[in-house]
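Open the model in your viewer and keep the sequence panel beside it. This tour goes stop by stop, with a selection to make at each one.

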Amino acid sequence: MNILVVDDDIKQNKILRDSIDLFNKTSEIQITLDEAITLTDGLKKLRENSYDGAIVDLRLEPNDTTGLGNQILNEIKSKLRFVCENCSRFTTLKRDKITSK
């Protein structure tokens, strides 16, 4: 299972990587993470690779008040249609709702 993680928080990415590594050691299902830390990198990876799901930080830069991560979610919603998890520590951001067909 290939998962794209788009998050600018390096520490959070390491925690997620370590958790997936532990999961992979005890499960028949293996998860591969592909990481991007910027909006541009995230969109590029989406267009060039195939994923089964994504974990996307809505606030991709320290001063992001618009929720740049929503651009990635919109790309997934309009073209790819796979499972996404929105993550943000900031409750003031508007989260786009992703629904499956």
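## Stop 1: strand β1

Select β1. Four of its five residues are buried, so the strand is largely enclosed by the rest of the structure. Keep in mind throughout that this is a predicted model.

Now zoom out for the overall layout. The protein has three helices and four strands. Read from the N terminus, the order is β-α-β-α-β-α-β. Of the 101 residues, 36% count as buried. Then turn on contacts between residues at least 6 apart in sequence: 66% of them join residues at least 24 apart.

## Stop 2: the partners of β1

Add residues 32-36 to the selection. This is β2, and it pairs with β1 (residues 2-6) in the parallel sense, over five bridges. Step along the pairing. N2 has T32 of β2 as its bridge partner. Further on, L4 stands opposite D34 in β2.

Next, select residues 53-57. This is β3, a mostly covered strand with four of its five residues buried. Which way does β3 run relative to β1, parallel or antiparallel? The two run parallel, joined by four bridges. Pick out I3 and find its bridge partner in β3, G53. Then move to V6, whose bridge partner in β3 is V56.

While the strands are on screen, check the side chains. In a regular strand they alternate between the two faces of the sheet.

## Stop 3: helix α1

Select residues 10-26. This is α1, and together with β1 and β2 it makes a right-handed β-α-β unit. Put a distance between the C-alpha atoms at the two ends. The helix has 17 residues and reaches 25 Å from its first C-alpha to its last, close to the 24 Å expected at 1.5 Å a residue.

Colour N13, I20 and N24: these residues of α1 are buried. Now look down the axis of α1. The buried residues fall within an arc of 40°, so they line one face of the helix. What do they pack against? The buried residues of α1 pack against β1 and β2.

Turn to the face of α1 that points away from the buried side. There you find the exposed residues K11, L22, K25 and T26.

Before leaving the helix, go to its N-terminal end and show the side chain of D9. D9 caps this end of α1. One of its side-chain oxygens lies 3.1 Å from the backbone nitrogen of K11.

## Stop 4: the loop after α1

Select I29. It sits in the loop between α1 and β2. Is I29 buried or partly exposed? I29 is partly exposed, at a relative accessible area of 47%. Show its contacts. Leaving aside neighbours within four places in sequence, I29 is in contact with F23 and N24. N24 is one of the buried residues of α1.

Add M1 to the selection. I29 and M1 are 28 residues apart in sequence, yet their C-alpha atoms are 7.4 Å apart in space.

## Stop 5: helix α2

Select residues 39-48. In this helix, α2, the buried residues are L39, G42, L43 and L46. View α2 down its axis. These residues cover an arc of only 95°, which puts them on the same side of α2. Rotate to the face turned away from the buried side. It carries the exposed residues T40 and E48.

One more residue here: D41, also in α2. Its relative accessibility is 35%, and D41 counts as partly exposed. Add V6 to the selection and draw a line between the two C-alpha atoms. D41 and V6 are 35 residues apart along the chain, and their C-alpha atoms are separated by 8.4 Å.

## Last look

V6 brings you back to the strands, with V56 of β3 as its bridge partner. Show β1 with both of its partners to finish. β2 pairs with β1 over five bridges, and β3 is joined to β1 by four.

How values were computed:
Residues are numbered from 1 along each chain as its sequence is written. This is a predicted model: local features need pLDDT of at least 70, side-chain atom pairs count only at pLDDT 80 or more; totals for chains, interfaces and linings use all residues. Side-chain values use heavy atoms; hydrogens and water are left out. Two strands pair if DSSP finds at least two bridges between them. A crossover is right-handed if, with the strands pointing away from the viewer, the path from the first strand over the helix to the second runs clockwise. The expected span of a helix is 1.5 Å times one less than its number of residues. Buried means under 20% relative accessible area, exposed over 50%, partly exposed in between (1.4 Å probe, protein chains only). The arc is that of the directions from the helix axis to the C-beta atoms. Contact means heavy atoms within 4.5 Å. A polar contact is a pair of N or O atoms within 3.5 Å; within protein, one must be able to donate a hydrogen and the other to accept it, and residues adjacent in sequence count only if both atoms are side-chain atoms.
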